Amino acid sequence: MARLEANGFRCYHDAECPSGRIVVINTCGFIGDAKEESINTILQFVARKQAGKVDRIYVMGCLSQRYLKDLEDEIPEVDKWFGKFDYLNLVNELQEQVQSPHPSAIKPRHITTPKHTAYLKISEGCNRLCSYCAIPLITGRHTSRPIEDIVKEAEWLQKEGVKELNVIAQDLSSYGLDLYQEHKLPELIDRLAGIDGIRWIRLHYAYPTDFPEGLLAVMAKHTNVCKYLDIALQHCTTHMLTQMRRHITQEQQDALIHRIREIVPGIHIRTTLMVGHPGETEEDFEQLCQWVKQMRFERMGAFAYCEEDGTYAAKHYKDDVSEEVKQQRLNTLMAIQQQISAEIQEAKVNQVYSVLIDRREGDYLIGRTEWDSPEVDCEVLIKQEKTKADPIGQFVQVRITRAEEFDLYGQIIQ
Ligand code: SF4
(Lines give C-alpha, C1' and ligand atoms only; values in the text may rest on other atoms or scores of the structure.)
Protein backbone atom coordinates (compact mmCIF):
# COMPACT_ATOMS: atom_id res chain seq x y z
CA MET A 1 0.00 0.00 0.00
CA ALA A 2 2.88 2.35 0.77
CA ARG A 3 4.34 1.62 -2.66
CA LEU A 4 1.06 2.41 -4.34
CA GLU A 5 0.76 5.65 -2.39
CA ALA A 6 4.29 6.59 -3.34
CA ASN A 7 3.11 6.20 -6.94
CA GLY A 8 0.14 8.47 -6.60
CA PHE A 9 -2.66 6.15 -5.57
CA ARG A 10 -4.85 6.69 -2.58
CA CYS A 11 -5.28 3.42 -0.69
CA TYR A 12 -7.89 2.36 1.83
CA HIS A 13 -7.87 -0.87 3.76
CA ASP A 14 -11.51 -1.75 4.16
CA ALA A 15 -12.93 -5.15 3.36
CA GLU A 16 -16.34 -4.47 4.92
CA CYS A 17 -17.35 -1.28 3.21
CA PRO A 18 -15.06 -0.66 0.25
CA SER A 19 -15.32 2.68 -1.46
CA GLY A 20 -12.66 2.42 -4.20
CA ARG A 21 -13.20 1.55 -7.86
CA ILE A 22 -10.08 -0.62 -7.98
CA VAL A 23 -9.86 -3.46 -5.52
CA VAL A 24 -6.78 -5.45 -4.54
CA ILE A 25 -7.59 -8.59 -2.57
CA ASN A 26 -4.82 -10.13 -0.51
CA THR A 27 -5.51 -13.83 -0.02
CA CYS A 28 -4.50 -16.56 2.39
CA GLY A 29 -4.13 -20.11 1.13
CA PHE A 30 -2.65 -22.31 3.81
CA ILE A 31 -5.68 -24.23 5.14
CA GLY A 32 -9.17 -25.06 3.90
CA ASP A 33 -11.03 -22.39 5.89
CA ALA A 34 -8.64 -19.64 4.82
CA LYS A 35 -8.93 -20.69 1.17
CA GLU A 36 -12.71 -20.68 1.39
CA GLU A 37 -12.75 -17.24 2.97
CA SER A 38 -10.44 -15.91 0.27
CA ILE A 39 -12.54 -17.36 -2.55
CA ASN A 40 -15.75 -16.00 -0.99
CA THR A 41 -14.21 -12.55 -0.75
CA ILE A 42 -13.14 -12.67 -4.40
CA LEU A 43 -16.64 -13.76 -5.44
CA GLN A 44 -18.22 -10.95 -3.41
CA PHE A 45 -16.14 -8.44 -5.32
CA VAL A 46 -16.88 -10.13 -8.63
CA ALA A 47 -20.56 -9.55 -7.82
CA ARG A 48 -19.80 -5.89 -7.08
CA LYS A 49 -17.97 -5.61 -10.38
CA GLN A 50 -20.91 -7.16 -12.21
CA ALA A 51 -23.20 -4.63 -10.48
CA GLY A 52 -21.01 -1.81 -11.80
CA LYS A 53 -19.71 -0.78 -8.35
CA VAL A 54 -16.09 -1.76 -9.00
CA ASP A 55 -14.01 -1.28 -12.16
CA ARG A 56 -11.12 -3.64 -11.68
CA ILE A 57 -10.22 -6.54 -9.39
CA TYR A 58 -6.68 -7.70 -8.67
CA VAL A 59 -5.83 -10.64 -6.45
CA MET A 60 -2.53 -11.42 -4.79
CA GLY A 61 -1.21 -13.33 -1.75
CA CYS A 62 -0.70 -16.97 -0.86
CA LEU A 63 -3.80 -18.48 -2.48
CA SER A 64 -3.03 -16.74 -5.72
CA GLN A 65 0.61 -17.84 -5.54
CA ARG A 66 -0.40 -21.43 -4.90
CA TYR A 67 -3.19 -21.93 -7.41
CA LEU A 68 -2.54 -19.22 -10.00
CA LYS A 69 -3.34 -21.25 -13.11
CA ASP A 70 -6.50 -22.88 -11.75
CA LEU A 71 -7.81 -19.58 -10.43
CA GLU A 72 -7.23 -17.77 -13.72
CA ASP A 73 -9.39 -20.40 -15.44
CA GLU A 74 -12.03 -20.60 -12.71
CA ILE A 75 -12.64 -16.90 -12.03
CA PRO A 76 -12.01 -15.00 -15.29
CA GLU A 77 -13.77 -11.89 -13.93
CA VAL A 78 -10.61 -11.07 -11.97
CA ASP A 79 -8.52 -8.68 -14.09
CA LYS A 80 -5.16 -10.04 -13.05
CA TRP A 81 -3.65 -12.45 -10.53
CA PHE A 82 -0.33 -11.86 -8.78
CA GLY A 83 1.87 -14.00 -6.54
CA LYS A 84 2.54 -13.38 -2.87
CA PHE A 85 5.60 -11.20 -3.41
CA ASP A 86 4.57 -9.58 -6.71
CA TYR A 87 4.21 -6.05 -5.31
CA LEU A 88 6.17 -4.32 -8.04
CA ASN A 89 4.27 -6.00 -10.86
CA LEU A 90 1.01 -4.92 -9.23
CA VAL A 91 2.21 -1.31 -9.01
CA ASN A 92 3.35 -1.44 -12.66
CA GLU A 93 0.04 -2.89 -13.79
CA LEU A 94 -1.92 -0.17 -11.99
CA GLN A 95 0.29 2.55 -13.39
CA GLU A 96 -0.42 1.26 -16.89
CA GLN A 97 -4.15 1.18 -16.23
CA VAL A 98 -4.62 4.43 -14.35
CA GLN A 99 -3.03 7.85 -14.55
CA SER A 100 -1.58 8.70 -11.15
CA PRO A 101 -0.15 12.20 -11.32
CA HIS A 102 0.36 13.08 -7.65
CA PRO A 103 2.80 10.80 -5.92
CA SER A 104 2.83 11.30 -2.17
CA ALA A 105 5.82 11.22 0.18
CA ILE A 106 7.41 7.80 0.40
CA LYS A 107 6.54 6.10 3.68
CA PRO A 108 7.80 2.68 4.71
CA ARG A 109 4.33 1.41 5.55
CA HIS A 110 0.63 2.06 5.28
CA ILE A 111 -0.63 0.99 8.71
CA THR A 112 -3.96 -0.81 8.48
CA THR A 113 -4.39 -1.59 12.17
CA PRO A 114 -5.63 0.93 14.80
CA LYS A 115 -3.02 3.68 15.18
CA HIS A 116 -1.58 2.41 18.45
CA THR A 117 -0.78 -1.15 17.37
CA ALA A 118 1.11 -2.65 14.44
CA TYR A 119 2.45 -5.94 13.19
CA LEU A 120 6.17 -6.09 12.53
CA LYS A 121 7.32 -8.88 10.26
CA ILE A 122 10.92 -9.91 10.91
CA SER A 123 11.35 -12.79 8.47
CA GLU A 124 9.53 -14.55 5.71
CA GLY A 125 9.33 -18.24 4.84
CA CYS A 126 10.13 -21.42 6.70
CA ASN A 127 12.67 -24.25 6.37
CA ARG A 128 11.01 -26.67 8.78
CA LEU A 129 8.86 -28.81 6.48
CA CYS A 130 6.32 -30.07 9.02
CA SER A 131 4.43 -32.93 7.40
CA TYR A 132 1.03 -31.23 7.13
CA CYS A 133 2.02 -27.67 6.28
CA ALA A 134 1.88 -25.93 2.91
CA ILE A 135 3.44 -22.67 4.08
CA PRO A 136 7.02 -23.47 3.01
CA LEU A 137 5.68 -24.42 -0.44
CA ILE A 138 4.11 -20.97 -0.73
CA THR A 139 6.56 -18.68 1.01
CA GLY A 140 9.85 -20.44 0.24
CA ARG A 141 12.90 -20.68 2.47
CA HIS A 142 13.33 -18.70 5.64
CA THR A 143 14.72 -15.22 4.99
CA SER A 144 15.44 -12.85 7.86
CA ARG A 145 15.30 -9.10 7.53
CA PRO A 146 18.41 -7.30 8.78
CA ILE A 147 18.20 -6.09 12.39
CA GLU A 148 18.90 -2.48 11.37
CA ASP A 149 15.97 -2.45 8.90
CA ILE A 150 13.57 -3.82 11.47
CA VAL A 151 14.68 -1.38 14.19
CA LYS A 152 14.36 1.51 11.74
CA GLU A 153 10.84 0.47 10.83
CA ALA A 154 9.92 0.07 14.51
CA GLU A 155 11.25 3.56 15.27
CA TRP A 156 9.18 4.95 12.43
CA LEU A 157 6.08 3.11 13.68
CA GLN A 158 6.65 4.53 17.17
CA LYS A 159 6.83 8.05 15.73
CA GLU A 160 3.52 7.38 13.95
CA GLY A 161 1.91 6.65 17.33
CA VAL A 162 2.34 2.88 17.61
CA LYS A 163 2.73 1.68 21.20
CA GLU A 164 2.37 -2.05 20.70
CA LEU A 165 4.53 -4.05 18.29
CA ASN A 166 3.25 -7.48 17.39
CA VAL A 167 6.37 -9.17 16.12
CA ILE A 168 5.55 -11.90 13.61
CA ALA A 169 7.28 -14.50 11.48
CA GLN A 170 6.37 -17.94 10.24
CA ASP A 171 9.26 -19.22 12.35
CA LEU A 172 10.45 -16.72 14.95
CA SER A 173 12.91 -19.21 16.43
CA SER A 174 15.08 -19.29 13.31
CA TYR A 175 15.45 -15.52 13.10
CA GLY A 176 19.00 -14.63 12.06
CA LEU A 177 20.24 -18.12 11.17
CA ASP A 178 20.23 -17.46 7.42
CA LEU A 179 21.60 -13.93 7.58
CA TYR A 180 23.99 -14.03 10.53
CA GLN A 181 24.54 -17.80 10.89
CA GLU A 182 23.40 -17.55 14.51
CA HIS A 183 20.26 -16.96 16.54
CA LYS A 184 19.59 -13.24 16.64
CA LEU A 185 16.11 -13.05 18.09
CA PRO A 186 17.31 -12.19 21.62
CA GLU A 187 19.44 -9.33 20.29
CA LEU A 188 16.67 -8.05 18.05
CA ILE A 189 14.08 -8.03 20.83
CA ASP A 190 16.58 -6.36 23.16
CA ARG A 191 17.07 -3.59 20.57
CA LEU A 192 13.33 -3.15 19.99
CA ALA A 193 12.73 -3.00 23.74
CA GLY A 194 15.12 -0.06 23.89
CA ILE A 195 12.91 2.13 21.67
CA ASP A 196 11.35 4.84 23.81
CA GLY A 197 7.56 4.88 23.61
CA ILE A 198 7.13 1.22 22.65
CA ARG A 199 5.15 -0.07 25.62
CA TRP A 200 4.41 -3.62 24.49
CA ILE A 201 6.34 -6.03 22.29
CA ARG A 202 4.55 -9.29 21.69
CA LEU A 203 6.04 -12.39 20.09
CA HIS A 204 4.23 -14.66 17.68
CA TYR A 205 4.97 -18.02 16.15
CA ALA A 206 7.98 -19.49 17.83
CA TYR A 207 8.95 -23.05 17.02
CA PRO A 208 9.96 -25.37 19.87
CA THR A 209 12.86 -27.19 18.17
CA ASP A 210 16.11 -25.25 18.43
CA PHE A 211 14.33 -22.50 20.36
CA PRO A 212 16.67 -19.54 21.06
CA GLU A 213 16.64 -19.76 24.85
CA GLY A 214 18.59 -16.51 25.30
CA LEU A 215 15.28 -14.87 24.45
CA LEU A 216 13.86 -15.84 27.83
CA ALA A 217 16.33 -13.67 29.76
CA VAL A 218 15.48 -10.74 27.44
CA MET A 219 11.76 -11.30 28.08
CA ALA A 220 12.34 -11.43 31.83
CA LYS A 221 14.53 -8.31 31.78
CA HIS A 222 12.34 -5.86 29.86
CA THR A 223 9.01 -4.74 31.26
CA ASN A 224 7.92 -3.72 27.75
CA VAL A 225 8.32 -7.24 26.34
CA CYS A 226 4.94 -8.82 27.04
CA LYS A 227 4.99 -11.94 29.15
CA TYR A 228 3.36 -13.71 26.26
CA LEU A 229 4.61 -16.23 23.75
CA ASP A 230 2.79 -17.77 20.84
CA ILE A 231 4.47 -21.12 20.25
CA ALA A 232 2.65 -23.77 18.22
CA LEU A 233 3.32 -27.22 19.71
CA GLN A 234 0.83 -29.24 17.59
CA HIS A 235 0.87 -32.40 19.71
CA CYS A 236 2.47 -34.00 22.73
CA THR A 237 3.30 -37.65 22.09
CA THR A 238 6.69 -38.44 20.61
CA HIS A 239 4.90 -40.76 18.20
CA MET A 240 2.81 -37.91 16.77
CA LEU A 241 5.58 -35.31 16.91
CA THR A 242 7.73 -37.68 14.82
CA GLN A 243 4.87 -38.37 12.43
CA MET A 244 4.41 -34.61 12.06
CA ARG A 245 8.17 -34.18 11.45
CA ARG A 246 8.57 -31.72 14.30
CA HIS A 247 12.07 -32.99 15.21
CA ILE A 248 11.38 -32.93 18.94
CA THR A 249 10.35 -35.46 21.60
CA GLN A 250 7.68 -35.12 24.24
CA GLU A 251 10.34 -34.88 26.97
CA GLN A 252 12.24 -32.11 25.16
CA GLN A 253 9.07 -30.18 24.45
CA ASP A 254 7.80 -30.45 28.04
CA ALA A 255 11.20 -29.42 29.42
CA LEU A 256 11.17 -26.33 27.20
CA ILE A 257 7.72 -25.27 28.41
CA HIS A 258 8.83 -25.68 32.01
CA ARG A 259 11.96 -23.59 31.41
CA ILE A 260 9.93 -20.85 29.71
CA ARG A 261 7.58 -20.68 32.69
CA GLU A 262 10.43 -20.79 35.16
CA ILE A 263 12.53 -18.02 33.58
CA VAL A 264 9.60 -15.79 32.65
CA PRO A 265 7.22 -16.00 35.62
CA GLY A 266 3.62 -15.15 34.86
CA ILE A 267 4.06 -15.75 31.12
CA HIS A 268 0.94 -16.63 29.18
CA ILE A 269 1.68 -19.24 26.56
CA ARG A 270 -0.54 -19.43 23.50
CA THR A 271 -0.29 -22.64 21.58
CA THR A 272 -1.96 -24.35 18.66
CA LEU A 273 -2.63 -28.08 18.51
CA MET A 274 -3.74 -30.39 15.77
CA VAL A 275 -6.01 -33.40 16.05
CA GLY A 276 -6.66 -36.16 13.53
CA HIS A 277 -3.26 -36.01 11.80
CA PRO A 278 -2.57 -39.29 9.96
CA GLY A 279 -1.51 -41.96 12.43
CA GLU A 280 -3.10 -40.36 15.50
CA THR A 281 -4.45 -43.26 17.58
CA GLU A 282 -7.06 -43.15 20.33
CA GLU A 283 -4.19 -43.50 22.76
CA ASP A 284 -2.32 -40.52 21.27
CA PHE A 285 -5.46 -38.45 21.56
CA GLU A 286 -6.16 -39.56 25.13
CA GLN A 287 -2.58 -38.57 26.05
CA LEU A 288 -3.08 -35.22 24.33
CA CYS A 289 -6.17 -34.54 26.47
CA GLN A 290 -4.33 -35.47 29.68
CA TRP A 291 -1.37 -33.32 28.69
CA VAL A 292 -3.56 -30.27 27.96
CA LYS A 293 -5.11 -30.67 31.42
CA GLN A 294 -1.67 -30.91 32.96
CA MET A 295 -0.03 -28.08 31.02
CA ARG A 296 -2.90 -25.64 31.48
CA PHE A 297 -1.98 -23.40 28.57
CA GLU A 298 -3.29 -19.92 29.17
CA ARG A 299 -4.36 -19.63 25.55
CA MET A 300 -4.94 -22.50 23.16
CA GLY A 301 -6.41 -23.04 19.71
CA ALA A 302 -6.83 -26.31 17.84
CA PHE A 303 -7.38 -27.49 14.28
CA ALA A 304 -8.55 -30.71 12.72
CA TYR A 305 -6.04 -32.06 10.20
CA CYS A 306 -6.86 -31.33 6.60
CA GLU A 307 -4.76 -32.76 3.80
CA GLU A 308 -2.99 -30.04 1.83
CA ASP A 309 -1.74 -30.55 -1.74
CA GLY A 310 1.97 -31.06 -2.13
CA THR A 311 2.77 -31.57 1.56
CA TYR A 312 4.78 -34.49 2.92
CA ALA A 313 1.65 -35.88 4.59
CA ALA A 314 -0.36 -35.72 1.36
CA LYS A 315 2.38 -37.59 -0.50
CA HIS A 316 3.33 -40.18 2.12
CA TYR A 317 0.46 -40.73 4.56
CA LYS A 318 -3.06 -42.02 4.30
CA ASP A 319 -5.61 -39.57 5.76
CA ASP A 320 -6.73 -42.36 8.10
CA VAL A 321 -8.77 -40.57 10.79
CA SER A 322 -12.36 -40.09 9.70
CA GLU A 323 -13.80 -36.56 9.52
CA GLU A 324 -16.31 -37.50 12.20
CA VAL A 325 -13.59 -38.61 14.61
CA LYS A 326 -11.49 -35.53 13.84
CA GLN A 327 -14.42 -33.31 14.70
CA GLN A 328 -15.21 -35.24 17.89
CA ARG A 329 -11.59 -34.96 19.00
CA LEU A 330 -11.52 -31.26 18.23
CA ASN A 331 -14.69 -30.67 20.26
CA THR A 332 -13.42 -32.75 23.19
CA LEU A 333 -10.10 -30.92 23.27
CA MET A 334 -11.68 -27.49 23.04
CA ALA A 335 -14.15 -28.35 25.84
CA ILE A 336 -11.20 -29.22 28.09
CA GLN A 337 -9.52 -25.95 27.26
CA GLN A 338 -12.71 -23.97 27.79
CA GLN A 339 -12.79 -25.11 31.41
CA ILE A 340 -9.09 -24.25 31.89
CA SER A 341 -9.53 -20.88 30.25
CA ALA A 342 -12.54 -20.09 32.48
CA GLU A 343 -10.51 -20.91 35.61
CA ILE A 344 -7.55 -18.81 34.46
CA GLN A 345 -9.83 -15.88 33.71
CA GLU A 346 -11.67 -16.23 37.03
CA ALA A 347 -8.37 -15.92 38.92
CA LYS A 348 -8.00 -12.43 37.46
CA VAL A 349 -11.08 -11.04 39.22
CA ASN A 350 -10.18 -8.25 41.69
CA GLN A 351 -6.71 -7.84 40.21
CA VAL A 352 -5.60 -4.55 38.65
CA TYR A 353 -4.01 -4.64 35.20
CA SER A 354 -2.69 -2.22 32.67
CA VAL A 355 -5.12 -2.35 29.73
CA LEU A 356 -4.59 -0.93 26.25
CA ILE A 357 -7.90 0.43 24.97
CA ASP A 358 -8.49 -0.58 21.34
CA ARG A 359 -11.95 0.80 20.54
CA ARG A 360 -15.44 1.66 21.72
CA GLU A 361 -18.46 -0.58 21.09
CA GLY A 362 -21.73 0.92 22.29
CA ASP A 363 -21.51 1.53 26.04
CA TYR A 364 -18.22 -0.31 26.36
CA LEU A 365 -14.57 0.52 25.93
CA ILE A 366 -12.77 -2.59 24.69
CA GLY A 367 -9.16 -3.24 25.58
CA ARG A 368 -6.57 -5.92 26.17
CA THR A 369 -4.05 -6.89 28.84
CA GLU A 370 -0.44 -7.74 28.01
CA TRP A 371 -1.51 -11.40 27.72
CA ASP A 372 -3.88 -10.76 24.84
CA SER A 373 -2.96 -10.45 21.22
CA PRO A 374 -5.32 -8.49 18.95
CA GLU A 375 -8.03 -10.49 17.15
CA VAL A 376 -7.24 -13.89 18.72
CA ASP A 377 -7.21 -13.51 22.50
CA CYS A 378 -9.42 -12.26 25.29
CA GLU A 379 -10.68 -8.71 25.70
CA VAL A 380 -11.47 -6.50 28.67
CA LEU A 381 -14.86 -4.78 28.53
CA ILE A 382 -15.25 -1.58 30.51
CA LYS A 383 -18.72 -0.06 30.79
CA GLN A 384 -18.33 3.68 30.47
CA GLU A 385 -20.35 6.52 28.98
CA LYS A 386 -18.96 7.92 25.78
CA THR A 387 -16.87 11.02 26.36
CA LYS A 388 -14.91 13.29 24.07
CA ALA A 389 -11.79 12.02 25.77
CA ASP A 390 -12.34 8.29 25.31
CA PRO A 391 -8.92 6.80 26.04
CA ILE A 392 -8.64 4.90 22.73
CA GLY A 393 -5.04 3.90 22.14
CA GLN A 394 -4.09 4.61 25.74
CA PHE A 395 -3.10 2.48 28.68
CA VAL A 396 -5.38 2.62 31.71
CA GLN A 397 -5.36 0.81 35.03
CA VAL A 398 -8.36 -1.48 35.28
CA ARG A 399 -9.71 -3.49 38.19
CA ILE A 400 -11.27 -6.70 36.95
CA THR A 401 -14.77 -7.12 38.35
CA ARG A 402 -16.08 -10.17 36.50
CA ALA A 403 -14.79 -12.96 34.31
CA GLU A 404 -16.44 -14.93 31.59
CA GLU A 405 -14.92 -17.98 30.01
CA PHE A 406 -13.17 -15.77 27.49
CA ASP A 407 -13.57 -12.07 28.23
CA LEU A 408 -13.10 -9.97 31.36
CA TYR A 409 -15.13 -7.03 32.66
CA GLY A 410 -13.60 -4.21 34.64
CA GLN A 411 -13.55 -0.62 35.84
CA ILE A 412 -10.96 2.04 35.21
CA ILE A 413 -9.38 3.06 38.48
CA GLN A 414 -7.21 5.89 37.18
S1 SF4 B 1 7.17 -24.39 11.37
FE2 SF4 B 1 5.11 -23.59 11.02
S3 SF4 B 1 5.21 -22.64 8.96
FE4 SF4 B 1 7.01 -23.95 9.15
S5 SF4 B 1 6.39 -25.90 8.23
FE6 SF4 B 1 6.01 -26.08 10.45
S7 SF4 B 1 3.88 -25.44 10.74
FE8 SF4 B 1 4.51 -24.75 8.68
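**Ligand shell, domains and cores in a predicted model**

Student: Which residues surround the ligand in this predicted model?

Tutor: In this predicted model, the shell around the ligand holds Asp171 together with Gln170 and Tyr207. The other residues around the ligand are Cys126, Arg128, Leu129, Cys130, Cys133, Ile135 and Pro136.

Student: How do the residues of that shell divide into nonpolar, polar and charged?

Tutor: Arg128 and Asp171 belong to the shell, and both Arg and Asp count as charged. For the shell around the ligand the division is 2 charged, 1 polar and 7 nonpolar.

Student: Into which domains is the chain divided, and what separation do the centres of domain 2 and domain 3 have?

Tutor: The chain is divided into domain 1 at 2–97, domain 2 at 117–346 and domain 3 at 352–412. Taken over C-alpha atoms, the centres of domain 2 and domain 3 are separated by 26 Å.

Student: Which element supplies the largest share of the side of domain 2 that touches domain 3?

Tutor: The contact between these domains involves 19 residues of domain 2 and 13 residues of domain 3. On the domain 2 side, at least two residues each come from strand 7 (164–168), strand 8 (200–206), strand 9 (225–231) and helix 15 (323–346). By class, that side has 8 charged, 7 polar and 4 nonpolar residues. The largest share of it, 5 residues, is supplied by helix 15.

Student: Why does the largest nonpolar core lie between two domains, and which are they?

Tutor: This core has 75 residues, and those with the most contacts inside it are Leu165, Ile189, Ile201, Leu273 and Val275. Strand 9 gives the most to the core, with 5 residues. Because residues of the core come from both domains, it lies between domain 2 (117–346) and domain 3 (352–412).

Student: Which residues does Val275 touch, leaving out those up to four places away in sequence?

Tutor: Val275 is one of the residues with the most contacts inside the largest nonpolar core. With residues up to four places away in sequence left out, Val275 touches Glu280, Phe285, Ala302, Ala304, Tyr305, Lys326, Arg329, Leu330 and Leu333.

Student: What radius of gyration does the chain have, and which value would a compact globule have?

Tutor: The C-alpha trace of the chain spans about 60 × 60 × 45 Å along its principal axes, and buried residues make up 35% of the 414 residues. A compact globule with 414 residues would have a radius of gyration near 22 Å, so the value for the chain agrees with it, at 22 Å.

Technical notes. Residues are numbered from 1 along each chain as its sequence is written. This is a predicted model: local features need pLDDT of at least 70, side-chain atom pairs count only at pLDDT 80 or more; totals for chains, interfaces and linings use all residues. A residue is near a molecule or strand if its C-beta atom, placed from the backbone, lies within 6 Å of it. Domain bounds come from an automatic or database domain assignment. Two residues are in contact if their C-beta atoms, placed from the backbone, lie within 7 Å. Helices (H or I, at least four residues) and strands (E, at least two) are DSSP runs, numbered from the N terminus. A nonpolar core is a set of buried Ala, Val, Leu, Ile, Met, Phe, Trp, Tyr and Cys residues joined through C-beta atoms within 7 Å. A residue is buried if 20 or more other C-beta atoms lie within 10 Å of its own, exposed if 12 or fewer, and partly exposed in between; C-beta atoms are placed from the backbone. The radius of gyration is taken over C-alpha atoms; the globule rule is 2.2 Å times the number of residues to the power 0.38.
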